[in-house]
Amino acid sequence: MNAFEIRGGKPLKGEITPQGAKNEALQVLAAVLLTPEKVTISNIPDIKDVNKLIDLLADLGVDIKRISKDTYEFQAANINLDFFHSQTFKAKGGSLRGSIMIVGPLLARFGKAAIPKPGGDKIGRRRLDTHFLGFEKLGAKFIYNDETGFFNIDATQLKGTFILLDEASVTGTANIVMAAVLAKGTTTIYNAACEPYLQQLCKMLNRMGAKISGIGSNLLTINGVEALGGTEHRLLPDMIEIGSFIGLAAMTESEITIKDVCYNELGIIPDVFRRIGIQFELRGDDIYIPSQKNYEIDTFIDGSILTVADAPWPGFTPDLLSILLVVATQAKGSVLIHQKMFESRLFFVDKLIDMGAQIILCDPHRATVIGLDKRYSLKGIEMTSPDIRAGVSLLIAALSASGRSIIHNIEQIERGYQDIDTRLKALGADIRRI
């Protein structure tokens, strides 16, 4: 198992380009199964979770050609349906939570699918009910086999219907949309997720011949079509990386330019970072963050302590709450971080407390951060990354801390961040693998 050794407390400087969006990649890659024609996708991040899904598509029989470092051509003309019940599929699908995304396309095109119980981060319960309830409303029947660990799903004839989602799940909405595009009749999805990733998927499907309206809202209408064709698609830059780099610059007093951010797709993310005092400016489609000695957390209008909580889009994404929490440890002022969607994502704060941060973990969902205003720097320690987002948050903390830090289990970080150590070294970070 690899680890990062970091010697922190050094300001960084330079330009960094965010990778393609991981969460979008897992959706649009699954969508190639909807057509036998060629689909070309660019700006694909070279990270473990995405590469696992590409590998899984190849095992299913998808013909895959790598055109350049970040561009692939996919053709799902000859799918091996028997592979669904193999032990290889169980092992590969079970280790990747994103494997659930292939179910909708397979049901739509072939009328059946099987999926092993997915794995993923240990960040709390992440229900799949939304996916399966949606498939069931469309006419699918599914059975979970305790002995094999497989969900077996039969959908010989999907029919459009009205679906009110129990939660605005991004992956759930995407999966149901992909199942509905080839169903007979009209499907209406209310309380649909409307994240940019989902908007990208819907736009891609429409270019393939789907008929989806209401894109960007929580009410999607899908008129089923007979078949879909090929297309070309480019992924958005990863908004989680962009937010991570904004936080990194503030914590390390660095002057950093984040290139090609697709600013109009970032929603309220820039505003939330401004509320904790981080200054930056938009230069073209780049975000320029100057070196800041101090930054001060805003308060509510009545002077009470600011609360930042996650919420479905256009609310603040839960994937950046851990970054915001770390950055707040060195701000002036206090903030309550409320992680509503996952009950275990704040459990990494004990490492930050060991580094000298002033944090009160109120319960599994809430933490109060008392900013140190950089009067006392964090100190380097040895720690372990529990999941992707917490791991990068700890990496940012280590880069700002005085002394030497070691982060174990960096495989978790590398599931979501491409060549992160190489890119940080290019900014001047003292980081190496051990």
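Which residue of strand 20 does V335 stand opposite? V335 faces V369 there, and that pair is a good way into this model. The model is predicted, so local features are taken at pLDDT of at least 70, side-chain atom pairs count only at pLDDT 80 or more, and totals for chains, interfaces and linings use all residues. Residues are numbered from 1 along each chain as its sequence is written, and side-chain values use heavy atoms, with hydrogens and water left out.

**The sheet around strand 20**

Helices (H or I, at least four residues) and strands (E, at least two) are DSSP runs, numbered from the N terminus. Two strands pair if DSSP finds at least two bridges between them.

With that in hand, look at strand 18 (residues 334-338) and strand 20 (residues 366-370), which pair in the antiparallel sense over five bridges. Besides the V335 pair, S334 has I370 of strand 20 as its bridge partner. Strand 20 also pairs with strand 19, again in the antiparallel sense and over five bridges. Here L361 sits opposite A367 of strand 20. Strands 19 and 20 make a hairpin, with two residues between them.

Put together, this is an open sheet of four strands in the order 17-18-20-19, with mixed pairing. Strand 17 (306-309) and strand 19 (358-363) are at the edges with a single partner strand each, so one side of each has no neighbour in the sheet. From one strand to the next, the twist averages 20°; axes are lines fitted to C-alpha atoms, for helices over the stretch in contact, and angles run from 0 to 180 degrees between N-to-C directions. As a reminder, in a regular strand the side chains alternate between the two faces of the sheet.

Helix 10 (residues 321-328) lies across strand 17, strand 18, strand 19 and strand 20, and runs at about 160° to strand 18. Contact, here and below, means heavy atoms within 4.5 Å.

**Another four-stranded sheet**

An open sheet with mixed pairing has its four strands in the order 2-14-16-15. Its edge strands, strand 2 (13-16) and strand 15 (281-283), each pair on one side only. Neighbouring strands in this sheet are turned by 20° against each other on average, direction ignored. Strand 2 and strand 14 (residues 255-258) run parallel and are joined by four bridges, with G14 opposite I256 of strand 14. Helix 8 packs on this sheet, touching strand 2, strand 14 and strand 16 (286-289), and its direction makes about 170° with that of strand 14.

**Two helix pairs**

Here are the two packings side by side.

| Helices | Angle | Axis separation |
|---|---|---|
| Helix 1 (residues 22-31) and helix 2 (residues 48-60) | about 10° | 10 Å |
| Helix 4 (residues 103-110) and helix 6 (residues 170-180) | about 10° | 7 Å |

That angle makes helix 1 roughly parallel to helix 2. By the convention used, angles under 35 degrees count as roughly parallel, over 145 as roughly antiparallel, 65 to 115 as roughly perpendicular and the rest as oblique. Helix 1 brings K22, A25, L26 and L29 to the contact, and helix 2 brings D49, V50, L53, I54 and L57. By class, that contact has seven nonpolar, no polar and two charged residues. Ala, Val, Leu, Ile, Met, Phe, Trp, Tyr, Cys and Pro count as nonpolar, Asp, Glu, Lys and Arg as charged, and the others, Gly among them, as polar.

Helix 4 and helix 6 are roughly parallel to each other too. Their contact is built from V103, G104, P105 and A108 of helix 4 with N175, M178 and A179 of helix 6. It divides into five nonpolar, two polar and no charged residues.

**Empty space**

On a 1 Å grid over the protein atoms alone, a cavity is a set of points where a 1.4 Å probe fits but cannot get out, and a pocket is an open set with protein on both sides within 12 Å along at least five of seven lines; lining residues have an atom within 4 Å of a point. Grid points are joined across faces, edges and corners, and a volume is the space filled by probe spheres set on the points.

The structure holds three cavities of 30 Å³ or more, and the largest has about 70 Å³ of space. Its lining includes S244, F245 and L248. Helix 12 (388-400) is among the elements that give two or more residues to that lining, and helix 12 supplies the largest share, four residues. The lining has nine nonpolar, one polar and no charged residues.

The second largest pocket holds about 320 Å³. Of its 19 lining residues, P18, Q19, G20, N43 and R234 are the closest to its centre. Its lining divides into seven nonpolar, five polar and seven charged residues.
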